[in-house]
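Trainee: Could you help me see where the words used for a structure come from? I would like to go from the numbers to the terms.

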Amino acid sequence: MTTPNHKIRLVMELRRAGVVDTRILSAMERTPREVFCPPQFLDRAYEDTALPIAHGQTLSQPTVVGLMTQAIDPGPRHKVLEVGTGSGYQGAVLSLLCRRLYTIERHRPLLQDAEQRFRDLRLANVVTRHGDGWKGWPEQAPFDRIIVTAAPGDVPGALVDQLAEGGILVVPVGREKRSQSLVRVRKTASGTETEELAAVRFVPMLTGVPTYATDDVVPDGSQRNRA
Ligand code: SAH
C-alpha cells in the first residue's frame, strides 16, 4: 500500500518541527485525522493547524500533538492519563503507543463523539470518563504518563499526586493564550523536577462540568445532553 501525499507531507512537517521519534511518526501516519475533523474542514484535515470543533473547543495542531507526545515519551507498558479528550485525536495517537489510555472530557457531547471514533477505529485500549479533569482519575492512579490538552493557570496538584514515581506530566500552563508555556514535570524519589519546553496556545482548562442550560435547548423548550 502506498502512503498518500498529504500524509507524507504531514510527516515531513512533523520532522521539521522536531518530532524525530519514529514510533510517534508512525503512530501519527496511521491515525486518520479526517475522522476527527468537523465535516466543513475536511479539506484541511492534513494542514498543520488547529481546527475548531463544537462547544468552542479545538482539534489540536498535528505538530503540537507530535511534540507533546514526544515530550511524555510513552512506552508500550505505560498507563497514560489524558485530560481534555476533545475530538479524540491526541488520544487516538497515544493509544497506539501505550498499554492503556484513560481520557477525561467535561463536555459530554464531545466525549460521545470521540467514543464513537475510538470504536470505529477499533482502539480497544481507550477508557473514557465524563468529568472534571482537575480531579484526575484517582481510582486508576498512579499513571506512568499524564498529558493535559487544555491550559490551567498552574500545574494541577491532583495530577502530580496521581503520577507514578519516574512518571512524566506534560501540561500547557498559563491563563493567557498569548503567554502559555508547555511544562514538563518529572516525579522522582525525592520530589519533582519541572522544566519549560516551548511556547504554546491552548484553550483554557475549565472547572466543573457544563449543564447546557443555554446552548443545547431543543425547540420544544426542553433540554438535552444534560450533564
Ligand atoms: N486533545 C484534544 C484537544 C481538545 S481541546 C484533541 O486532540 O482534539 C481541550 C479539551 O479540554 C476541550 O475539549 C475541553 O472541553 C477540555 N477541557 C477543558 N477543561 C477541562 C477539564 N477541567 N476537565 C476535562 N476536560 C477539560
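Trainee: What makes the pair formed by an oxygen atom of the ligand and the side chain of E105 a polar contact?

Mentor: The model is predicted, so local features need pLDDT of at least 70 and side-chain atom pairs 80 or more, while totals for chains, interfaces and linings use all residues. Residues are numbered from 1 along each chain as its sequence is written, and side-chain values use heavy atoms, leaving out hydrogens and water. A polar contact is a pair of N or O atoms within 3.5 Å. The ligand oxygen is 2.6 Å from an N or O atom in the side chain of E105, so the pair counts as a polar contact.

Trainee: Which distance puts D132 in a polar contact with a nitrogen atom of the ligand?

Mentor: An N or O atom in the D132 side chain is 2.9 Å from that nitrogen. For T149, a polar side-chain atom lies 3.1 Å from a ligand nitrogen.

Trainee: How do you know that β8 and β9 pair?

Mentor: Strands are DSSP runs of E with at least two residues, numbered from the N terminus. Two strands pair if DSSP finds at least two bridges between them. Nine bridges join β8 (residues 180-188) to β9 (residues 191-200), so these strands pair. They run antiparallel, and Q180 has V200 in β9 as its bridge partner.

Trainee: How many residues lie between β8 and β9 in their hairpin?

Mentor: Two residues lie between them.

Methods: A polar contact is a pair of N or O atoms within 3.5 Å; within protein, one must be able to donate a hydrogen and the other to accept it, and residues adjacent in sequence count only if both atoms are side-chain atoms. Helices (H or I, at least four residues) and strands (E, at least two) are DSSP runs, numbered from the N terminus.
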